[in-house]
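Trainee: Please pick one part of this structure and take me through it closely, spelling out each term as you go.

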Amino acid sequence: MTNGEKASTLEQLNASTSAKRYRPFAFSRIYAITINTVTELTRLKVFYVLLIFGLVLIGSSIFMAQFSFQQEFQILKDVSLGAISLFTSLLAIVATARLLPQDIEDRTLYTILAKPVPRFEYVLGKITGVLLLLAISTVVMGGAFLLVLYTREQAVLHTTLRQMSGAPPDQIADALRVIRSSAFNIDILPGIVIIYLKACLLAALTLFVSTFATSNIFTIVVMAFIYFIAHLQATAREYWLQEHGSGLITRVFLAVVALFFPDLQAFNLVDDIVAGTAISLTLFAKTAVLGIFYTTIYTLLATFVFYGKEL
Amino acid sequence: MKRTVVVLAVLIVVGALKLPVERNLVALHRQEHFRGVEFNLDLREEIGQLGFIAALSGFRAIVADALFIQAYSAWENTEWGRMLLLFRHITTLQPRVLLFWDTAAWHMAWNASVAAMNDQTQPRLALRVKAQREYFALGKDFLERGIKNNPDRPDLYEALARLYKEKYKDHERASEYYAKAAAVPGAAPWDRRFSAYELSYCEGREREAYDRLRHLYEEGPKERLPTLIKRLKFLEEKLGIPQDQRIQEKENKVVK
């Protein structure tokens with residue numbers, strides 16, 4: 001961040017924290033921190049590296065899928081949505097892990113908190129900034145995916161039309177319908193929203209870990225472990241609640257995993273959506289609410305721990 | 001210290017509150033055919049450490065696709081044993097992708113069985129036929145397991161009917177599975193017809209087949225296709241249907 005931008009952020013904060021019209025909670029202050037966080041994060045090389053890798057992988061999915069058209073669309077969608085899921089999760093962890101340590105190192109944190117900015121506003125502004133950045137990344141990667149899918153679908157449609165030029169119209173219509181149904185499926189969109197919610201959850205959890213971590217490397221390593229364990233949480237939970245024959249240590253371990261970790265498998269719906277399973281509104285709403293619930297809880301806990309942190 | 005205890009207490013309370021919510025959500029996911037894969041030691045042994053970790057982390061579709069590409073290479077090299085193993089892993093990882101079940105069954109029952117029958121290294125016909133039957137059975141097994149995982153979709157019922165018809169020459173079973181396909185929402189309009197055609201080849205069930213074909217015929221000109229008329233005429237002869245009750249169409253007349 002340049003000195004000019006720091007000054008502009010501080011001006012915005014000054015405007016909302018002046019003694020005359022000070023309010024204990026102000027959206028303008030959170031907004032200033034959010035915009036500052038987004039600006040700061042978009043200037044990180046890691047953001048562009050991850051985004052470019054994601055886009056390259058989505059683009060290259062065309063070349064990975066040179067089989068018959070049904071298999072081609074299957075692989076194209078699997079690889080592209082897998083890339084979106086991987087890179088948004090990575091970005092959520094890497095971008096959030098550096099927020100607090102970097103602000104402490106740059107001393108920006110002290111400048112902000114020296115003003116009448118409550119700590120929860122600071123944390124809220126930071127996490128909102130990360131969530132905004134994740135939304136931008138998801139939209140960019142999702143847009144690239146839909147563009148690749150549409151381009152490929154059009155190419156296959158033209159090839160099929162050329163190949164079937166002498167066939168009866170009903171056969172041609174049937175072939176085109178099959179191609180269209182194997183390419184784009186409206187359920188992919190809620191699937192992408194759920195990928196985004198999973199990234200939000202990971203960002204909030206990373207923020208919570210970073211409030212008591214000593215460095216951003218430590219946060220990233222801890223989050224890598226949490227990521228894998230949280231994917232096993234459902235198995236541990238079922239085993240803990242159903243099995244009664246295992247030893248005490250095993251049961252305590254399973255209980256810890258079941259109680260302390262979120263169930264990340266609940267957000268891996270996109271594989272089945274690509275396979276043709278329709279997602280109902282109820283299922284989407286319940287999964288989304290669970291994602292928002294986790295994100296809120298971890299943000300609140302991060303705020304609570306941050307209040308007790310000696311700076 | 002006090003803050004840490006409070007955080008831990010909150011995590012435990014929230015954890016206990018979220019447990020029933022998560023379990024309900026899993027039940028809903030299963031009910032709507034999501035999360036069909038059980039992550040257990042069997043799967044770990046099948047797909048290896050790296051594949052298991054990737055699949056566990058939410059990338060099982062990509063792992064399945066990578067294995068599918070390997071299976072494609074194995075097909076090019078006619079490594080049938082390796083293909084069988086790879087398709088078992090693929091279908092375990094992605095049980096809701098019909099294409100994988102269908103392709104696996106097609107490779108086993110059509111390609112591998114023919115290769116086994118034409119195997120120049122095996123001089124004994126009996127053993128070649130045995131190998132061929134084993135590949136038919138493997139194809140059938142893929143389709144049956146596929147149906148078990150996707151009872152709500154007609155495609156695999158159709159594929160199994162085709163297998164019974166073309167490989168086992170079992171018209172009764174073929175008819176049964178075409179009928180099952182026709183009963184599933186979203187089935188192709190020809191499934192009902194195909195079921196009746198297959199039944200018309202079954203000894204002792206001609207009357208039932210005739211009634212079904214006649215019923216289809218009565219539905220209107222769209223159903224009056226050359227094969228349907230041909231099978232009806234054949235059954236009319238066989239069952240000795242009186243002339244005044246027979247259909248008036250000529251065989252092989254294409255209805256527009």
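Mentor: What follows is a look at the nonpolar core, with its surroundings in the chains.

This is a predicted model: local features need pLDDT of at least 70 and side-chain atom pairs count only at pLDDT 80 or more, while totals for chains, interfaces and linings use all residues. Residues are numbered from 1 along each chain as its sequence is written, and chains are lettered from A and ligands numbered from 1 in the order in which they are written.

Start with chain A, which has 13 helices and zero strands. Helices (H or I, at least four residues) and strands (E, at least two) are DSSP runs, numbered from the N terminus. Of the 311 residues in chain A, 45% are buried. A residue is buried if 20 or more other C-beta atoms lie within 10 Å of its own, exposed if 12 or fewer, and partly exposed in between, with C-beta atoms placed from the backbone.

Now the core. A nonpolar core is a set of buried Ala, Val, Leu, Ile, Met, Phe, Trp, Tyr and Cys residues joined through C-beta atoms within 7 Å. The largest one has 144 residues, and A:Leu134, A:Ala203, A:Ala204 and B:Leu160 have the most contacts inside it. Helix α9 of chain A, residues 188-212, gives the largest share of this core, 16 residues. In soluble globular proteins, nonpolar side chains tend to be buried together.

Take A:Ala203 from that list. Two residues are in contact if their C-beta atoms, placed from the backbone, lie within 7 Å. Leaving aside neighbours within four places in sequence, A:Ala203 is in contact with A:Ala92, A:Thr96, A:Ile127, A:Val130, A:Leu131 and A:Leu134. In chain A, residues 24 or more positions apart account for 79% of the contacts with a separation of 6 or more.

The two chains also touch. Their contact takes 40 residues from chain A and 33 residues from chain B. On the side of chain A that touches chain B, α13(A) gives the largest share, nine residues. The residues of that side divide into 20 nonpolar, 14 polar and six charged; here Ala, Val, Leu, Ile, Met, Phe, Trp, Tyr, Cys and Pro count as nonpolar, Asp, Glu, Lys and Arg as charged, and the others, Gly among them, as polar.

Last, a residue of chain B to set beside the core. B:Trp106 lies in helix α4 of chain B, residues 98-117. B:Trp106 counts as partly exposed because 17 C-beta neighbours are inside 10 Å.
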